[in-house]
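Hi everyone, thanks for coming. Let's walk through this one together, beginning where two chains meet.

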Amino acid sequence: MHIPDGYLSPSTCAGLAAAAAPFWYVALKRVKSVLHARLIPLISLFAAFSFVIMMFNLPLPGGTTGHGVGMGVASIVLGPWASILAISIALTIQAVFFGDGGITALGANCFNMAIVGSLVGYATYRLVAWRSGLRSARRVVAAGLAGYTAINVAALCAAIEFGIQPLLFHDASGTPLYAPYALRIAIPAMMLGHLTLAGLAELVISSGMVAYLQRTDPGLLRHTAPDAPPSIEPAQPAREAQDALRLPTARKLWLALAALLIFTPLGILAVGSAWGEWSAQDFSSPQARREIAAASHNQAPPSAAPRGLERLSSIWSAPLSRYAPSFIRSASFGYLVSAMVGVGLIIALALLLNWLLAGRPMVHAAAGGRRRRSFVEKTARGLLEATEQVLFAEDMAATSGFLQCLDPRVKLIGIGALIAAAVAVHRLWVLAAILALGVLLALVSHIPIRLLTARVWLAVLAFTGAIALPAIFLTPGAAVYRLPLLEWPVTQQGLRTAGFLILRAETAATLSMLLILSTLWTRLLRALRYFGAPVVVVAILGMTYRYMFLFLATACDMFESRESRIVGVLDPADRRRLAAASAGVLLGKTLQVSGEVHMAMQARGFRGEVRLLDELQMRPHDWLRLAAFVGAATLAVWLGR
Amino acid sequence: MTEPAVLAFDVREVSYRYNQVEALNSLSMHVKRGERVALLGANGSGKSTLLRLLAGLCFPEHGEISFLGESLTERRLQDEQFFFSFRRRVGLVFQNADVQLFSPSVFDELAFGPLQLRWPAPKIRERVDEVLRAMDIAHLQDRAPHRLSGGEKKRVALASVLVLDPEVLLLDEPSGALDPSSQARIVDFLVSCGNGSKTVITSTHDMDTLEDIADRCYVFANGRVAGEGAPLDILHNVELLERAKLIHPHAHAHARGNGAVQPHPHVHRHEGG
């Protein structure tokens, strides 16, 4: 769901950022007027929390795991406007430090997840919870639905943004310049993963955390529940809420979900992770790579939908043709059946490979054979890796290479301009030249190429490559080659569009990696301040980054200690409860620390108005370097028209 | 009017509840100007709550607190002038350094207070540099808080308050969970405050350093004052310390004449010295 650079055209990115701007403006205004000086630390810490939550592996039915975004919970606890800010900040830090979502696509990602997600989540919650008591089980269900709806509407927005790209942006030969799949492919492909896995993850996290708050600090739910009857009676109903997650309500929830899955014809499609949401780490494990390959091939069937049926049904009916009933080519039923069969084949293949490679993992868990990593272990490891990754970047930025010595403002604007150029150009060779410039900058800044290869190039290739691969066959155009046996045509336009997608993503990812590997965060914040970013935003960004480490460490400790105490295998419901409880504990800590941070700020004179010490001077040679960067970017755009 | 001005803080019958739980129960105490007072008590005895009340971060449900003869209320602190002068004169060092260090770097942390109080930029830079050197943390000034050790965090937290040069210093367990050398640094600092120029209120349950850092102690138990007196008198009052759960009876059995215990080094002195 985090859209990387190069998937959306510059005009789409600009349009969505412009659409997001008034929401940010209103959100900032409201946060300032409500003030509630307490909101500033609360938003910062909530953003840090949401960031850490996005790293949790949530166990889902069917033995898979998914990640939540946390916009449901954020809008319930903070209200829609503060939630817009908190999630936007979390997304920014993700994009900058972890390459999760592109820099140019940040506006789009914020629009989908932070703005649409928060508003939809909040509306759903208010509507479903209606006037129920603060501790009623209905609020737990409402929260679950809010999270589920929010992430799905956000995914739909992203799908539409992807889907309009080939329509609007293609060159003379009909080669799509950005995301290559039309709406009829993009929407089902995105929605299938989100209606099932990602949606469930969000549901688990939202309902679990509201249930936790009902138990521990229901006052926090009051803010977004003005109509709830005042609760005088303490303690006793808390149990009720606790049980609500388990018994009848939980069952109702799962039943509702089961219904959704049935109405989603290809619910079983998602094998492992949500489409379009693989993390860089996933690519190092062969298991995940297979899942991605599987999911991307599966993405072909939806493309067969209404009109493009002829060509695609031939793909799917190819292995079946001898047995295919005659109606298989005629109706959407044929599409369904062939898709199901395709999915079934891929799942079977994945299971077979898993069995071959992992050596019957599930059976011999106790016998010292290769153990399947539990979600607890996976999460702990992920958190640890994230921390190490950021610490490494900080170390790198403290060395003295070419980029490291540049003024942060020069870097911010210069590299930003190059990324924008990479997204804007329409010629492959110009793109390649920008990438080469990036490599050159890495060399003179002593940034190890091996690191770029592993963390950027291979990761992006695996991810974007998997998405681009089907486009080679699906993009209409002149066939240059046909696959033996299957007879799938490889089109010239398909090759070019795949080339664009991969090169753009690689170039943008390389450049943003250079920025973060060569700039200390504190300097970057100062640079932002210099460019007129609102003080509140800069202060919140700084605080989010600072507490991200605290929460990463807390969560890591928590999962490690859990791991050491777990004996045997937990059943799925227990695992979900454990994950939601861990998130709840972290939320409790977030709120407690945020209250204390606010006091600590007050104790030193904070009254709600943030003040920063700005001290950066641009020297003549800084201007010169800035001109060189911007000149290179302009040249690239001109050459690549 | 001369009498109240001698008192830095006068706390009269203050009660405070935190999430329905009684934290302070009709508690009275006072601190003179220039005095060093230690608040002794087990975890959850209300020390931290009292310090927050004294710092004007929360306000009592019943009772009254006055600072230099002036009543300290939420209303009063709304007044910008009083707010700034009070914040300038009273500094609180939190027990958890992680909540106090919220800025991106050590330098920014020290500059935070002066910035809020609207000092001019050159004066801020000068004062921050001075405190960085005085606290021996100048080499850390560009360090991010997550890159500091526990002892460094405590020193930076202390420095971030000292930068305003407050008359009254409120310290919540300043030497808790530190290694001996970091602890000694903090204690040395507190000892150096003994010339009467600063009022220092320290909450602690570390009794080894008590007489070095305090002229007078209050012992807290269950949100009330269980005892008050000079450090040595308090340390000798075993019954009081046991009641306040500051010592555990069997650990001190030999102090009451049980000779069957093996000789062992004492962490703190029971006999006056």
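Here, 25 residues of chain A are in contact with 28 residues of chain B, contact being C-beta atoms, placed from the backbone, within 7 Å. Please keep in mind that this is a predicted model, where local features need pLDDT of at least 70 and side-chain atom pairs pLDDT 80 or more, while totals for chains, interfaces and linings use all residues. Residues are numbered from 1 along each chain as written, with chains lettered from A and ligands numbered from 1 in the order written.

Which elements of chain A give two or more residues to the side that touches chain B? They are α20 (521-530), α21 (535-565) and α22 (572-603) of chain A, and α22(A) gives the most, with eight residues. Helices here are DSSP runs of H or I with at least four residues, strands are E runs of at least two, and both are numbered from the N terminus. That side of chain A divides into 16 nonpolar, four polar and five charged residues; nonpolar means Ala, Val, Leu, Ile, Met, Phe, Trp, Tyr, Cys and Pro, charged means Asp, Glu, Lys and Arg, and the others, Gly among them, are polar.

Now over to chain B, with its twelve helices and ten strands. An open sheet of four strands runs β2-β1-β4-β5 in chain B, with antiparallel pairing, where pairing takes at least two DSSP bridges. β2 (21-32) and β5 (70-71) of chain B are at the edges with a single partner strand each, so one side of each has no neighbour in the sheet. β4 (residues 62-67) of chain B pairs with β5(B) over two bridges.

Methods. Two residues are in contact if their C-beta atoms, placed from the backbone, lie within 7 Å.
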